[in-house]
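Let's take a friendly walk through a protein model, one part at a time. Keep the picture open beside you and look for each place as it comes up.

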Amino acid sequence: MDLATFLVQCLNAVQYGLLLFLVASGLTLIFGIMGVINLAHGSFYMLGAYLAFALAPWFGDWFVTRLVAGVALAAIFGYVLEWAFFSFLYERDHLQQVLLTYALILVFEELRSILVGNDVHGVPAPSWLGGGFRLGGLMEYPWYRVFASAACLVVALALYAVVQKTRLGMMIRAGASNRDMVRGLGVDIRRLYRIVFAGGVALAALAGMIAAPLSSVYPNMGASVLIICFVVVVIGGIGSITGALIASLLVGFVDTFGKVFFAEWSGVGIYLLMAIVLVWRPEGLMKRGF
Amino acid sequence: MPHVLLRAAALSTALIASTAFAQSSGPIKIGLMLPYSGTYAALGSAIENGFKLYVQEQGGKLGGREVQYFKVDDESEPSKATDNVNKLIKRDNVDVLVGTVHSGVALAMAKAAKDNNTLLVIPNAGADAITGPMCAPNIVRSSFSNWQPGYAMGVVAGQKGVKRAMTITWGYAAGAESTKGFTEGLEKNGGKVIKDLTLPFPQVEFQALLTEIAAQKPDAVYAFFAGGGAVKFVKDYAAAGLNKTIPLYGPGFLTDGTLEAQGASAQNMLTTLHYADNLDTPKNNAFRKAYAIAYKSQPDVYAVQGYDAAQILANGLKAVGGDLGKREQLAAAMRKTPVDSPRGKFTLSAAGNPVQDMYLREVKGNNNEFRSVAVKALADPARGCKM
C-alpha cells in the first residue's frame, strides 16, 4: 500500500467513524442518562432516512431546510414517544425495556412496509453538492461525503458545547451521574428525560437523513447500524459523548483497515476491539465523564 | 367397549381409504412457502402471482385436478424454516411444496422434502447445493443456480479481453458461488481473477474496498450484491469515478428491481441473467400482457420463475394423469418435457436445474435490455450430485 492509498483509506475511516458517531451519540445519551436499553434506536435512524426520502420532492435543493424540518419532526416524534411509552419504563427492569423497544422495531418496520413499500429507493443529493474531486490520481471523492463528515463534526462540536457549557447540559451531566440527587435538588427530571430522549431521536434521524443520499433507503436498514452503535457505546463508555466520538473513530479505523488487510476476519475486527477495550477498562474508555 | 373399538377401526379404515383416494382425484394440495413479509416480500408475491397466472391459464387445473393452496410466510428466516415447512407437510398434508426465495430457507425445505418424499419446486433460491449434493428426484428448480449467471459473465468478460479482474461480494454462500462461476468462465477465456474482496453480510460500507480496487487497477470488476446493497454499491462505484475506467459487471440481480434507485449510476452497465425486460418473443409478450392485465403491474424475473414453477409441475402431472403415486414417471416427465417459458424454451438437467440460455443485458433507463445470448443452453455442473 503506497502513501496515497493509505491516506485515502484514513479519510474513509474518519468519514465512516464520524457518521457512526452521529447515530451512537443519541444512543449513548438515552442509554447513559435515562438507563433505557433502546433497541429501537436503529429504527429512528431508518425514520430519518425515510423522512429524507419523503421530504425530498417538497424541498428540492433546499437541503439544509430539509434537514432542519426533518430534525424538528423527529424531535416532536421523540417527545411524543417518550410521553406515550418510554416514560413508563424507567422504574422497570431491562427485560421489559428490551421487550417494548423490540416491539417498536416490529411496529416501525411494518408501518414502513405499509406506507412506503418494500422497494429500495434512491434519495437525491442536492445538486450544489454533486460531483467530486480527484484524489491523488487514484479515484474521485464525492463532495457529498465531505459535506457529511463536516456536518457530523459540526454536530459533535455543538453537542459538546451544549453538554459542557449550558445549564441544560449541566443538568444532563448531573442526571447521568446521580439521578436521585438531581431530583432532590428540584430539577424536573421527567421533563429533562423527555428533552434528552427527543434529542437522541433527533440525532439518530439526522444521521439517517445525512446518510440517505449515500446509502439509499431500504427495509431493515436500521438493524446493522444498531448493532455497531451498541459496540461504539460500550467501547466509549456508556453515557459518554467524548467516549462515543473516540470509539466511533476507532471502530471506523479498525473496520476500514480490517477490510483491506484481513478480509476474512473483517467481521470480527470491531468485536475483537470491544473485547480488548473491555478487558483493559471494563467500563469503557470514558467513565461517564463526558 | 367392543362397540367403540369397532367404530374406531371402521373410522380409521375409512380415513386410510380416503387418503389413498386423494392421491389421484380431488384437489391437489399445493403449499406455497414464500416470503410475504420482510426484505423479500415483493419477490414472494411476484412468484405467487406468476404461479397462479399459469394455473388460471389452464382453467384452474393441473393434470386434470383442481388446485387448493396453502400459504405460509417463511419470513426469509432460516431458523424458522424447518417448523414452517413441517406446518405444510404434517399439518396441511400438502402434495407439493413451492418455495422459496432465500437459499438458507430453501436448503431446509429441500432437506424436509427429501425426508418426507414430498415434491418440491423451487422458484428462486440459487444455492448450488440444492441441485448439487442435495439433489433428489423429487426436487426441481425453475430459476437458476448461483453459478450460472456468474459463469456467463466470466465468458463475456474474457471475450471482451479482460485479463485481470477483481470480484467483490458479501462473505456468504451465494456470493462465493457466484464469483466462483465468474472465475471459471473468465479463466476458460484467457483471463484471471487477481483478488476476491469480501465484506460481512449485510454491511454496506464499501469505501475501503473501492479504494483497494482503485489502487489495484484491474481491467474489470465483478460484483454480487442484491437489494439495498446492490443499489449502494453501484452508486458508490460511480461516485468514486471508477466506472469511467474500470467496467463493473455482475449477475442480473445487481440491477434487477433496483434501477429506479440506482438512477444514472447504473446506466450502460452489463449484466447476465436468464431473463431480460424486453425479450421480443411471442411467448414473452403474451405473458407480460396477461400479467399486466391480471395484476395491474409489470412482471419481473421472479414472476417468470413462479410461472415456470407451475408449468414444470403441470408437465409432470400431465404425464401421470394427476396421479401423484407414480413418482418415477412424474419426476422423469418434469425433467424431460420442454418448458415453454417467457424467457425462452428450456429443459431441466438430471439434477433438476434449468439448462437455459444466459442473456447479456445492458441497462437503458429503467430497463435491463437484451443485447445478446452470452452462453447458449448453459447447464449447471451439478457438482456433488449423486442420483
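## Before we start

The bounds of a domain, as the word is used here, come from an automatic or database domain assignment. With that in mind, chain B is divided into domain 1 (11–144 + 279–352) and domain 2 (147–273). Remember as you read that this is a predicted model.

## The two domains of chain B

Taken over C-alpha atoms, the centres of domain 1 and domain 2 of chain B are separated by 31 Å. The two domains do meet: eight residues of domain 1 are in contact with 11 residues of domain 2 in chain B. On the domain 1 side, the residues that touch domain 2 of chain B divide into three nonpolar, three polar and two charged.

## The overall build of chain A

Chain A has 11 helices and two strands. Follow the sequence and you will meet them in the order α-α-α-α-β-β-α-α-α-α-α-α-α. The C-alpha trace of chain A spans about 60 × 50 × 35 Å along its principal axes.

How does the radius of gyration of chain A agree with that of a compact globule? For 290 residues, a compact globule would have a value near 19 Å, and chain A has 19 Å, so the two agree. Of these 290 residues, 48% count as buried. Among contacts in chain A between residues at least 6 apart in sequence, 77% join residues at least 24 apart.

## Where the chains meet

Now look at the two chains together. Here, 32 residues of chain B are in contact with 29 residues of chain A. On the chain B side, the elements that each supply at least two residues include helix H2 (41–57), strand S8 (192–199) and helix H7 (207–216). H7(B) gives the largest share, eight residues. The residues on this side of chain B divide into 17 nonpolar, 12 polar and three charged.

A good place to zoom in is Ser216(A), found in the loop between helix H8 (189–215) and helix H9 (221–236) of chain A. Is Ser216(A) buried or exposed? Ser216(A) has 27 other C-beta atoms within 10 Å, and 20 or more is enough to count as buried, so it is buried. Among the residues that Ser216(A) touches are His121(A) and Val123(A) from chain A, and Gly228(B), Val231(B), Lys232(B) and Ala261(B) from chain B. Ser216(A) and Val123(A) are 93 residues apart along the chain, yet their C-alpha atoms are separated by 5.8 Å.

## The nonpolar core

The largest nonpolar core has 212 residues, and Ala49(A), Cys229(A), Val232(A), Leu97(B) and Met109(B) touch the most other members. H8(A) supplies the largest share of this core, 17 residues. The core also draws at least three residues from each of the two domains of chain B.

Leaving aside its neighbours within four places in sequence, Met109(B) is in contact with residues including Met33(B), Leu97(B), Gly99(B) and Thr100(B). The peptide bond from Gly99(B) to Thr100(B) is cis, with omega near 5°. Thr100(B) lies in the loop between strand S4 (96–98) and helix H4 (103–116) of chain B.

## Two helices and what follows them

Helix H5 (residues 147–159) of chain B has 13 residues, which at 1.5 Å a residue should span 18 Å; its end C-alpha atoms are 19 Å apart, in agreement. Because 12 of its 13 residues are buried, H5(B) is largely enclosed by the rest of the structure. The buried ones include Trp147(B), Tyr151(B) and Met153(B). Just after H5(B), Gly161(B) takes a positive phi of about 90°.

In chain A, the 22 residues of H4(A) reach 31 Å from first C-alpha to last, close to the 32 Å expected. H4(A) is followed by Gly117(A), whose phi is positive, near 95°. Gly117(A) is exposed, with 12 other C-beta atoms within 10 Å.

## Unusual backbone angles

Most residues other than glycine have a negative phi. Asn268(B) has a positive phi near 70°, and Lys296(B) has a positive one near 55°. Asn268(B) is exposed, with 9 other C-beta atoms within 10 Å. Lys296(B) is exposed too, with 7, and sits in the loop between helix H10 (282–295) and helix H11 (301–319) of chain B.

How values were computed:
Residues are numbered from 1 along each chain as its sequence is written. Chains are lettered from A and ligands numbered from 1 in the order in which they are written. This is a predicted model: local features need pLDDT of at least 70, side-chain atom pairs count only at pLDDT 80 or more; totals for chains, interfaces and linings use all residues. Helices (H or I, at least four residues) and strands (E, at least two) are DSSP runs, numbered from the N terminus. The radius of gyration is taken over C-alpha atoms; the globule rule is 2.2 Å times the number of residues to the power 0.38. Two residues are in contact if their C-beta atoms, placed from the backbone, lie within 7 Å. The expected span of a helix is 1.5 Å times one less than its number of residues. Ala, Val, Leu, Ile, Met, Phe, Trp, Tyr, Cys and Pro count as nonpolar, Asp, Glu, Lys and Arg as charged, and the others, Gly among them, as polar. A nonpolar core is a set of buried Ala, Val, Leu, Ile, Met, Phe, Trp, Tyr and Cys residues joined through C-beta atoms within 7 Å.
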